[in-house]
Amino acid sequence: AAAAASEEPVGPSAEDFVYGEQDFIVRGAGWEDEPGSAPSRFDRALLEGWEDRMEQGLFRYRLGPLPTRVLPGPLRLVAQLNVQRGTERRPPQPVHSLRQPFDPAAFNFTRLRPGEVLLRLRRAAGDERDGPAAPDPLLVAINVSPLERGHVLLLPEPARELPQALTAPVLHGALEVALLSARPAFRLGFNGLGGCASVNHLHLHGLYLRQPLPVETAPARPLCPHRRLGLLLSGVPAPAFLFYAAGPAELQAVARDVCRAAEHITGAGLAYNVFITRGEPPEGPGAKRGLRVLLWARRPSFGAKEGAAFNVALCELAGHLPLPAAELYRDITEEEALRAIHEHLLPESELLRLGGDLARLLVD
């Protein structure tokens, strides 16, 4: 969410960030503490702008280092304590339908203050390496209730007033953004309607989380090999459909396939979440990492669930647990976290049937 529309515009205008093929970091530079690791031009622009807006007081709270622990257990789930986000973020909008139309009267990203927008991303003219269908230009704006340092929103032009349903050109742009970062810590994701989206205006999240996650390395069962579609069933917090891009040339096709699959899931009356991270090929560890795109199909969740310890959105499904209370952070176990996550998932038999449907869809 973003700061209130009634506040006066503050801060500098957004920086134009024009990129081309030479800016893609196909082999990430590594974690920050690794020898030879260095941020990319994109990382520097994003993080310097983000820190500047924090100093200006444009966030709802000042975010310092967050208490973080890895839960004992085979999945090594990452728990973080973030009390202020739980108490000071904007209340999520009511969602009643998987195809809820955009409502101009509700909070939306046309109300961003100029200072909240960090970057305007666009592909350099003439850099059409992926063919005629260029990705949508994207704005990078601060999330004023951040989960972690560098937490931003990726937005297509807000004046288009698109509802929170992922499109292939927007996802294509987000996949390119993933390759602009040199950090494996930088992940992106999308919460659909009924999947804990808090604003019904098309946006993705990006943030830096400095811990590895199980979804980056778990091997996948192939469903549609020539389309690089697999199913992660074990070694992850929540079974997911896996799409994989070995390099920039595959991003457009992956974006198209993910969005076709997401539309099918919505048509089946299910909600979905998406997570983008650098990771191993579907068959498991290899010589070269590419981009993993995880797509979760889930039971729709409308409104806050009474008694729920935490919401289950893209971070939790991937193994990152932002927690709002110190006692919960201190005491939660892997078993308890998985029980809360699995309440939202499909039975394995239903998931396998859906996987067969998606495989047939993507070969047409």
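This is a short walk through one predicted model: its confidence, its two sheets and its cavities.

Confidence first. The protein chain has a mean pLDDT of 90. Of its residues, 89% reach 70 or more. The start of the chain is another matter. Over residues 1–11, pLDDT stays under 50. The model still gives that stretch 32 contacts beyond four places in sequence. Where pLDDT is low, the predicted coordinates should not be read in detail. So I will leave the contacts of residues 1–11 there.

Now the 11-stranded sheet. In what order do its strands run? Go β1-β4-β5-β6-β8-β7-β12-β13-β11-β10-β9. The sheet is open, and its pairing is mixed. β1, residues 15–19, stands at one edge, and β9, residues 221–224, at the other. Each has a single partner strand, so one side of each lacks a neighbour in the sheet. Ignoring direction, neighbouring strands here are turned against each other by 25° on average.

Look at the β1 edge. β1 runs parallel to β4, residues 117–123, and 5 bridges join the two. One pair to find on screen: Glu15, with Leu119 as its bridge partner in β4.

A helix packs on this sheet: α3, residues 168–180. Which strands does α3 touch? They are β1, β4, β5, β6, β7, β8, β12 and β13. Take β12, residues 271–279, as the reference: the direction of α3 makes about 30° with that of β12.

Next, the sheet of 3 strands. The order is β2-β3-β14. This sheet is open too, again with mixed pairing. β2 spans 68–70 and β14 spans 320–323. Both stand at the edges with a single partner strand each, so one side of each is left without a neighbour in the sheet. From one strand to the next, the twist averages 20°. β2 pairs with β3, residues 78–81, in the antiparallel sense, over 3 bridges. Within that pairing, Arg69 has Ala79 of β3 as its bridge partner.

Last, empty space. How many cavities of 30 Å³ or more does the whole structure hold? The search finds 4. The largest has a volume of about 50 Å³. What lines the largest cavity? The lining is Arg187, Leu207, Leu209, Leu213, Phe275, Cys315, Ala318 and His320. By class, that lining divides into 6 nonpolar residues, 1 polar and 1 charged.

That is the tour.

Note on methods. Residues numbered from 1 in each chain as written. Predicted model: local features only at pLDDT ≥ 70, side-chain atom pairs only at ≥ 80, totals over all residues. Heavy atoms only, no water. Pairing = 2+ DSSP bridges. Helix = DSSP H or I, 4+ residues; strand = E, 2+ residues; numbered from the N terminus. Axes fitted to C-alpha atoms, helices over the stretch in contact; angles between N-to-C directions. 1 Å grid on protein atoms, 1.4 Å probe; cavity = no way out; pocket = protein on both sides within 12 Å on 5 of 7 lines; lining within 4 Å. Points joined across faces, edges and corners; volume = space filled by probe spheres on them. Nonpolar A, V, L, I, M, F, W, Y, C, P; charged D, E, K, R; others polar. pLDDT = per-residue confidence, 0-100. Contact = heavy atoms within 4.5 Å.
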